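User: Please take a close look at the salt bridges in this structure. Then show me what surrounds them.

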Amino acid sequence: MTDVLQERHGIQVLMCDPAGPTVVTEQDALDLIGSALFAAEIVAVPVNRLDEKFFSLGTRIAGEIMQKFVNYRMRLAVVGDISRHMEASSALRALVHESNASSHIWFLPDVESLDARLEVMSAKGRG
C-alpha cells in the first residue's frame with residue numbers, strides 16, 4: 001500500500017501507509033505536506049512512521065515537524081497507541097492534551113477516533 005488520498009466524512013485526508021518511510025526530519029514532514037498540498041486538509045500518519053526521537057521532546061523533532069504542518073496550514077493526525085511514550089513523559093502528556101484541544105495537530109489512538117473527530121469537524125463546517 002502507498003499513501004492514499006481518501007475522502008472521510010466529506011474531508012480529504014492523506015492516509016499514510018504504515019510501511020512507508022520513517023518521518024525523522026523537517027524535510028520528511030515537508031515531503032508529506034507536499035504530497036497533500038492542494039489535495040487534502042489532513043495528513044494521517046501512523047505512529048510507527050514516526051522516529052522514536054519524535055516522542056522525546058528534548059530532541060525538538062516533534063516541535064519542528066509539528067511547526068511545519070502549522071506553517072503550511074495542514075492538519076496533522078498522529079494515529080496509533082503512544083501510551084508507553086506518554087507514561088514516560090509528563091511533557092509529552094501535556095503536549096498531547098494541548099494539541100488535541102486545538103484544530104491543527106491531533107494524537108489519536110486509532111482510525112476510528114480519527115473518523116469520529118472528522119465527523120465532528122465536518123458537522124461544524126470544518127472548524
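Analyst: In this predicted model, the side chains of Asp-3 and Arg-49 meet in a salt bridge, with 3.2 Å from N to O. The two partners sit in distant parts of the chain, 46 residues apart. Asp-3 belongs to the segment before β1 (4-8), while Arg-49 is in the loop between β3 (42-46) and α2. How exposed or buried is each partner? Asp-3 is partly exposed, with a relative accessible area of 30%. Arg-49 is buried, at 2%. That value counts as buried because the cut-off is under 20%.

Why can such side chains pair at all? Opposite charges can do so when their charged atoms come close.

The count comes to 5 salt bridges. Two others deserve a look.

Lys-68 and Glu-26 form one of them, at 3.3 Å from N to O. This pair links two helices: Lys-68 is in α2, and Glu-26 is in α1 (residues 26-36). They are 42 residues apart. Glu-26 counts as partly exposed, at 32% relative accessibility.

Arg-84 and Glu-52 form another, at 2.9 Å from N to O. Arg-84 lies in helix α3 and Glu-52 in the loop between β3 and α2, so the pair ties together parts that are 32 residues apart in sequence. Arg-84 is exposed, with a relative accessible area of 53%. Glu-52 is partly exposed, at 45%.

Now compare a charged side chain in a strand. Arg-8 is in β1. Arg-8 is buried, with a relative accessible area of 16%. Its side chain makes a polar contact with the side chain of Asp-115, at 2.8 Å. Setting aside neighbours within four places in sequence, Arg-8 is in contact with Val-13, Met-15, Val-111, Asp-115 and Leu-118.

Next, the nonpolar side chains. In soluble globular proteins, such side chains tend to be buried together. Here the largest nonpolar core has 27 residues. Which members touch the most other members? They are Val-43, Phe-54, Phe-69 and Phe-107. Two or more residues each come from α1, β3, α2, β4 (75-79), α4 and β5. The largest share, 5 residues, comes from α2. Look at Phe-54. Not counting residues up to four places away in sequence, Phe-54 touches Ile-61, Ala-62, Ile-65, Met-66 and Phe-107. Another core, of 12 residues, lies apart from this one. Among its members are Val-13, Trp-106, Leu-118 and Met-121. Val-13 and Leu-118 were also contacts of Arg-8.

Finally, take helix α4, residues 90-100. Which of its residues are buried? They are Leu-92, Val-96 and Ser-99. These residues cover an arc of only 70° around the axis, which puts them on the same side of α4. An α-helix has 3.6 residues a turn, so residues three or four places apart point the same way. The buried residues pack against α2 (61-71), α3 (83-88) and β5 (105-108). On the other side of α4, Ser-90, His-97 and Glu-98 are exposed.

Put the pieces together around α2. This helix holds Lys-68, the partner of Glu-26 in α1. It gives 5 residues to the largest core. It is also one of the elements that the buried residues of α4 pack against.

Conventions: Residues numbered from 1 in each chain as written. Predicted model: local features only at pLDDT ≥ 70, side-chain atom pairs only at ≥ 80, totals over all residues. Heavy atoms only, no water. Buried < 20%, exposed > 50% of the residue type's maximum accessible area, 1.4 Å probe, protein only. Helix = DSSP H or I, 4+ residues; strand = E, 2+ residues; numbered from the N terminus. Arc of directions from axis to C-beta. Contact = heavy atoms within 4.5 Å. Salt bridge = Lys/Arg side-chain N within 4 Å of Asp/Glu carboxyl O. Polar contact = N/O pair within 3.5 Å; in protein donor to acceptor, adjacent residues only side chain to side chain. Core = buried A, V, L, I, M, F, W, Y, C linked by side-chain atoms within 4.5 Å.
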